[in-house]
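The following exercises concern a predicted model. Please work through each task before reading its solution.

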2 protein chains.
Amino acid sequence: MTLPLLITAKFFAIVWHMQPKMNDKLFLKDPEQSDIGKNIFRKSIKLMKEIGFESFTFKKLADEIKSTEATIYRYFENKHRLLNYVVSWYWHWLDYQVIFQTNNLTHPEEKLKRVINILTWQIDGELADDQEIDLEDMHQIIIRDASKVFLTKHVAEDNTDQFFKPYKSLCERISNIMKEYNPDYPYTKSLSSTMVESAHFQDFFMENLPALTDFEDNGKLTDIRDYLTSLVFSALNQHKNQLN
Amino acid sequence: MTLPLLITAKFFAIVWHMQPKMNDKLFLKDPEQSDIGKNIFRKSIKLMKEIGFESFTFKKLADEIKSTEATIYRYFENKHRLLNYVVSWYWHWLDYQVIFQTNNLTHPEEKLKRVINILTWQIDGELADDQEIDLEDMHQIIIRDASKVFLTKHVAEDNTDQFFKPYKSLCERISNIMKEYNPDYPYTKSLSSTMVESAHFQDFFMENLPALTDFEDNGKLTDIRDYLTSLVFSALNQHKNQLN
DNA sequence: TACAAAGTAATAGTATTACTATCAATATAA
DNA sequence: TTATATTGATAGTAATACTATTACTTTGTA
């Protein structure tokens, strides 16, 4: 019944990874429960990143994992559900990063800065080193395709099935830190979702449509970080009681 | 050779509408040059809004306009190009709205507020009353589907073909007003694109995923406006020379 | 160890989508 | 009037998005 005295970040991350509570309506058969399922998840990230979500098919994925379409259809209803699974996994993972990395911080200002760093992909090396999933590929998919999971005609049904819960959870967590920083700011939820979406959009623009940003694609994301920091804190400080 | 003394906003809008300089790589045959082409444009907006872009097919559109798939394929290479055409039309239109509505304003602050009103769909009644295009449907499509035109694997080629020029033009215009307001703010381009994207995202969230906003879907967009105003001006004022 | 039950994979299908090609009818322009 | 372009109708192909069937393999229990 006794726990080991030294629980390292890595150990904890692995434990977490072994138990990501995924919404079971996202799949027909739990991909975590079989080797072929895990392979579907891993290789779909690789393939989606390579050819883009629109060109991605279960046939191509089946060839990649040396199996058949029918097998994949036993795990996921269609490719949109699979994307939703991948994206949900990511939001779970990111939410965990925020919990873990802001855990021992006292000031909400520090916490928010840490959140910005996480959103702009400055993640702890140990935690980011997943044995199974290529997190770099994952991040690329998220930037380009994550919003497609809710930008659909059937968003209401998907929402009823709680598909966006991890995303909401992350935004709520950020929102709460904002409230901690400034209880008088009236738009914490909107500012949180704006922050998350902007982190991705600005990254995409920087790499693909640089006219829409002020940043250079120099491999470092320092500028996006500075921009988000400036944006968030100027908004939060504006409504802050000047006496504090 | 003399122009009529009284040029009304409506007249001018119609003139503009008759000559939107669309990128001719977006289509195979100019849809403005025939009745059937205009019908493709009009009805595709209606149909996309009704069934969503993913379910939208040229077959369904052909049935709607009482023509055949082959005819539509003579105008547009595929449905993604058609969406790009629709979205480009919208950015052109919005850019024009910004030009027209900020034209006679002196203070950049006023101009920015007007821009926010336009982005949150508070448009001049006369101008918004297009005989041919249902602008309400158009706005709905834009909110849900506009970002899909660039969130693809082939964004680089599309950018080379200048498909995103009207969007860039709008953002640059907003960026220039921001510079006018505060020449010292270093992120005008990013703030412009954030503003435009946020206006749409917050609207979508308000209607579909309210946990991600602080607004109620009461049919009015006043709150999104207040939020964007607060966000933009707090950012711009932060870097502003305190002596001004 | 035996044998049913359950799960898994491979094969083979169907319906729809995303196009392309052909050709005749019609409208238009030189 | 004759050439040219536009449309409509028909047909066809390749790929996609699935579903159904059947045969094989593992597992749980007597």
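**Exercise 1.** Determine how many residues chain A and chain B each bring to their contact, and describe the area buried between chain A and chain B.

*Solution.* Step one is the residue count: chain A supplies 51 residues and chain B supplies 51 residues. Step two is the area: about 4200 Å² is buried between the two chains, with 63% given by carbon and sulfur atoms. Step three concerns specific pairs: the count is 23 residue pairs in polar contact, both at pLDDT 80 or more, while the rule finds 0 salt bridges across the interface.

**Exercise 2.** Identify which element gives the largest share of the side of chain A that touches chain B.

*Solution.* First, list the elements of chain A that give two or more residues to that side: α2 (35-51), α8 (135-145), α9 (155-160), α10 (165-181), α11 (188-208) and α12 (222-238). Of the side of chain A that touches chain B, the largest share comes from α11(A), with 13 residues. Finally, divide this side by class: 22 nonpolar, 16 polar and 13 charged residues.

**Exercise 3.** Characterise the protein surface near DNA strand D by residue class, and find which side chains of chain B approach its phosphate oxygens.

*Solution.* Begin with the classes: 4 residues are nonpolar, 5 polar and 6 charged. Among the 15 residues around the strand, those that come nearest are A:Tyr73, B:Lys29, B:Ser67, B:Arg74 and B:Tyr75. Next, take the distances from an N or O atom of the side chain to a phosphate oxygen of DNA strand D: 2.7 Å for B:Ser67, 2.9 Å for B:Tyr75 and 3.1 Å for B:Thr71. The elements that give two or more residues to this surface are α4 (69-75) of chain A and α4 (69-75) of chain B.

Methods:
Residues are numbered from 1 along each chain as its sequence is written. Chains are lettered from A and ligands numbered from 1 in the order in which they are written. This is a predicted model: local features need pLDDT of at least 70, side-chain atom pairs count only at pLDDT 80 or more; totals for chains, interfaces and linings use all residues. Side-chain values use heavy atoms; hydrogens and water are left out. A residue is near a molecule or strand if one of its heavy atoms lies within 4 Å of it. A polar contact is a pair of N or O atoms within 3.5 Å; within protein, one must be able to donate a hydrogen and the other to accept it, and residues adjacent in sequence count only if both atoms are side-chain atoms. Helices (H or I, at least four residues) and strands (E, at least two) are DSSP runs, numbered from the N terminus. Ala, Val, Leu, Ile, Met, Phe, Trp, Tyr, Cys and Pro count as nonpolar, Asp, Glu, Lys and Arg as charged, and the others, Gly among them, as polar. Contact means heavy atoms within 4.5 Å. Buried area is the accessible area (1.4 Å probe) that two parts lose on being put together, summed over both. A salt bridge is a side-chain nitrogen of Lys or Arg within 4 Å of a carboxyl oxygen of Asp or Glu.
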